[in-house]
Amino acid sequence: MLSRTADNLYWLSRYMERADFLARIIDAAQRLATLPTAYGGTGTEWESTLNAAGALDGYREHVGAVNETSAIYYLAFDPQNSSSICNCLEYARTNARAVRTALTIEMWQSINTAWLEMKRFQALFGKPGTIDRLELARFLDFVRKASLDFDGSAHRTMLRNDAHWFSRLGLYVERADTTARILDVKYNVLLPESEQVGGSLDYFQWTAILRAVSALTAYNWVYKETIKPWLVADLLILRPEMPRSLRSCYDDIVRLLDNIARAYGRPGASQSKAHETLRQLETIDIKKIFEKGLHEFLTDFIEANDALGAAIGGQYLVHDDEAATETQAQSQA
Amino acid sequence: MASARFFDEMTKPDGLPRDVYERVNQWLASAPPELLASRRSQAELMFRRIGITFAVYGDKDSTERLIPFDIIPRVLGRSEWTRLEAGLKQRVKVLNMFLADIYGKAEVIKAGIIPEDIVFNNEHFRPEMRGVKVPHDVYVHISGIDIVRVDDHDFYVLEDNARTPSGVSYMLENREVMMRLLPELFAQHRVAPVENYPDALLANLRSVAPSSSGSDPVCVLLTPGIFNSAYYEHSFLADKLGVELVEGRDLLVRDKIVYMRTTQGPKRVDVIYRRIDDDFLDPLAFRPDSALGVPGLMQAYLAGNVTLANAVGTGVADDKAVYTYMPDIIKFYLGEEPLLKNVPTWRCREPEALKYVLAHLPELVVKEVNGSGGYGMLVGPHATQAQIAEFATKLQNDPDGFIAQPTLNLSTCPASFESGIGGRHVDLRPFVLSGADGVRVIPGGLTRVALKEGSLVVNSSQGGGTKDTWVIDDVSGGSA
């Protein structure tokens, strides 16, 4: 398939997944921000949420002081934020349009419908401070549903060929990144280096994280005990049965990349990188992670995940002319 | 040629329907207005759905920009079609011969059939193509010849489209919608199918692959990208053809060979069905500012390593000034009379003609030789005194730049409206394929209809719509 087509499919899924993630962390931050400080409300929820979204620097530059109204607007609607929910849906649709024929009708309709609905919300609430809590809840619900819709239609209707694999690959690389980020940011906020893990005040904070990744019930099923930070980390990092865990994402990433390598007859840099990361996740346990330092572990992971993204790009999605010339020179030699 | 009243394709002057329209006429007479209304709204729904499915028009108004569709089919009898088809084949055959000649020995010019400057000074003439041999001498692989009728026997060519004609996706969609919308009416006729167009097109493209390519040549469709107004047609066709829809940035040229960038590395391309104008094909050969094209493409093409369909430089054949010479050009190459007529045209470059045109501006249509899409045009009967005066000056300053034609009394077909059935003016764009095995016409084409009462302008930007076009077996007991 065309590299550009694979690239569009890959980014289409990444943007849909990112929109979903943003909706979830806005929701979680809202819950946290209403907690009294005695229950773990820190007053910095919006700052850490912007940080988890990778949007804090941009926010400071474009908006300034952090407050709830502006943060919500910036994360959800602001055109100046290239990763706002609306921009994610806009980019997703632009990518989808460019590869219309590589999508199934259901996938296209799920994106186009979501985009039209997003435009409606944008027209109504596209200015800072115009959205009330009820409408915001509706909006966030809609975004999560749109992502589910897209995911489900892709899963149900796409041929299992390279187009499908590249599309899924984008989703899991993005999901691994966002899971690691939300864990890292919240962990830093909660646990300055001097403090002990496990104070009772952070109960609600951890619950909020679990809720943000739809894992609260899963936690209860897996551990059958009250929320413990290291178990939350265990669930979100190492548990293969938890669909948002880093381990589960890498199980999928490795499987997809192996499928691609098999179909194309040769593996490359992205396969070896993905296998390496998976091996680490398979062999390390949560105790070792905390000994090493969760923050360090997650930073390393996010870097490795970025490097994988770059490797996938270099190997499949973008061929610069020199690389192409080289390949050709080799084939002529 | 112009009769006092318009030629009504359904109804004869005595009020009876022409044979080919008998069943349509019966259906219209018996169908209650509610049925027609419900079919109209169903059609609109279907098109919106198809539109959402694969037409992705410009941004905000994505659902508003559908071209209106009229549910009453435009019907041509088999014998009428056979005559038209023969004329189209003759015409396109000659377009190819003409292009091979002007980029070769230029005998048509030496013989004095057409003035040298009209050809060689034409902005669409590509000197790069001189002496270049294209596979099977086919230049115009895909053409759309615009046809109008003014009476029941003659077909007139309004325009030859030999560059990148569009509209074929409407021909295909219109048929799909009609078959679902009016199955009972459809079943009463034997309608020649059009659905094999993509197959025929693909076979045609493969037939002109360079001889260096293997038994399974790789074809692609080259689009300017998602912002082009015909993008949805490009993606629709690529999908039906089962070929990659590429943009310029997906292609690269090395050692005069064209490759597309795939996830498995560069893959050689043999045939490019390009929907990009010559000017934008290759920034190294033509417009250096073109970001749509492929640097080095022209070199690969001239080396015979890739086939472009249509060939480079075909624009000179559908030029309005060249058009006026087509009847003579046909006689020159084939020794035959043209089967399709040209609309009588005054070439303002000729002093006698200019004099006539200046004296009759209020009744003529004056067109810029290099204009298209209705721009730079004077429609005499609808023009103000000031506009006429302005055009008179333009004409005197640059007579070479203009031609003039009588205002045509285009034929009418019935169309369905809330207010009832009314005759509306139509034209027809059949699509003609030329390949190694000759010229082929898909029976039917795109009928465009001026939905505004009395309007002669069929362009979609000015209230034009489309109709499905049926070529049906002649009704027993008489032919049209």
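Q: Which residues make up domain 1 and domain 2 in the domain assignment of chain B?
A: This is a predicted model, and its chain B is assigned two domains, numbered 1 and 2. Domain 2 of chain B is given as one stretch, 344-406. Domain 1 of chain B is written as several stretches: 19-126 + 137-192 + 325-340 + 409-472.

Q: How many Å separate the centres of domain 1 of chain B and domain 2 of chain B?
A: Each centre is taken over C-alpha atoms. Between the centres of these two domains of chain B, the separation is 26 Å.

Q: How do β18 and β19 of chain B pair, and over how many bridges?
A: Strand β18 of chain B covers residues 431-435, and strand β19 of chain B covers residues 438-441. A hairpin of 2 residues links β18(B) to β19(B). The two strands pair in the antiparallel sense, over 4 bridges.

Q: Which residue of β19(B) is the bridge partner of G435(B)?
A: G435(B) falls within β18, residues 431-435 of chain B. Its partner lies in β19(B), and that residue is G438(B).

Q: Which strands are at the edges of the open sheet of 4 strands in chain B?
A: Let's follow the order of this parallel sheet, which is β5-β4-β9-β10 in chain B. An edge strand pairs on one side only. That picks out β5 (244-246) and β10 (307-309) of chain B.

Q: By how many degrees are neighbouring strands of this sheet turned against each other on average?
A: The sheet in question is the open one with the order β5-β4-β9-β10 in chain B. With direction ignored, the average turn between its neighbouring strands is 30 degrees.

Q: Which residue of β5(B) is the bridge partner of L221(B)?
A: Strand β4 of chain B spans residues 219-222 and runs parallel to β5(B), with 3 bridges joining them. For L221(B), the bridge partner in β5(B) is L245(B).

Q: How far apart do the C-alpha centres of domain 1 and domain 2 of chain A lie?
A: Now over to chain A. Here domain 1 covers 1-158 and domain 2 covers 160-320. Their C-alpha centres lie apart by 20 Å.

Q: Which element supplies the largest share of the side of domain 1 of chain A that touches domain 2 of chain A?
A: The contact takes 31 residues from domain 1 of chain A and 32 residues from domain 2 of chain A. On the domain 1 side, α1 (3-33) and α2 (45-52) of chain A each supply at least two residues. The residues of that side divide into 16 nonpolar, 8 polar and 7 charged. The largest share, 18 residues, comes from α1(A).

Methods: Residues are numbered from 1 along each chain as its sequence is written. Chains are lettered from A and ligands numbered from 1 in the order in which they are written. This is a predicted model: local features need pLDDT of at least 70, side-chain atom pairs count only at pLDDT 80 or more; totals for chains, interfaces and linings use all residues. Domain bounds come from an automatic or database domain assignment. Two residues are in contact if their C-beta atoms, placed from the backbone, lie within 7 Å. Ala, Val, Leu, Ile, Met, Phe, Trp, Tyr, Cys and Pro count as nonpolar, Asp, Glu, Lys and Arg as charged, and the others, Gly among them, as polar. Two strands pair if DSSP finds at least two bridges between them. Axes are lines fitted to C-alpha atoms, for helices over the stretch in contact, and angles run from 0 to 180 degrees between N-to-C directions.
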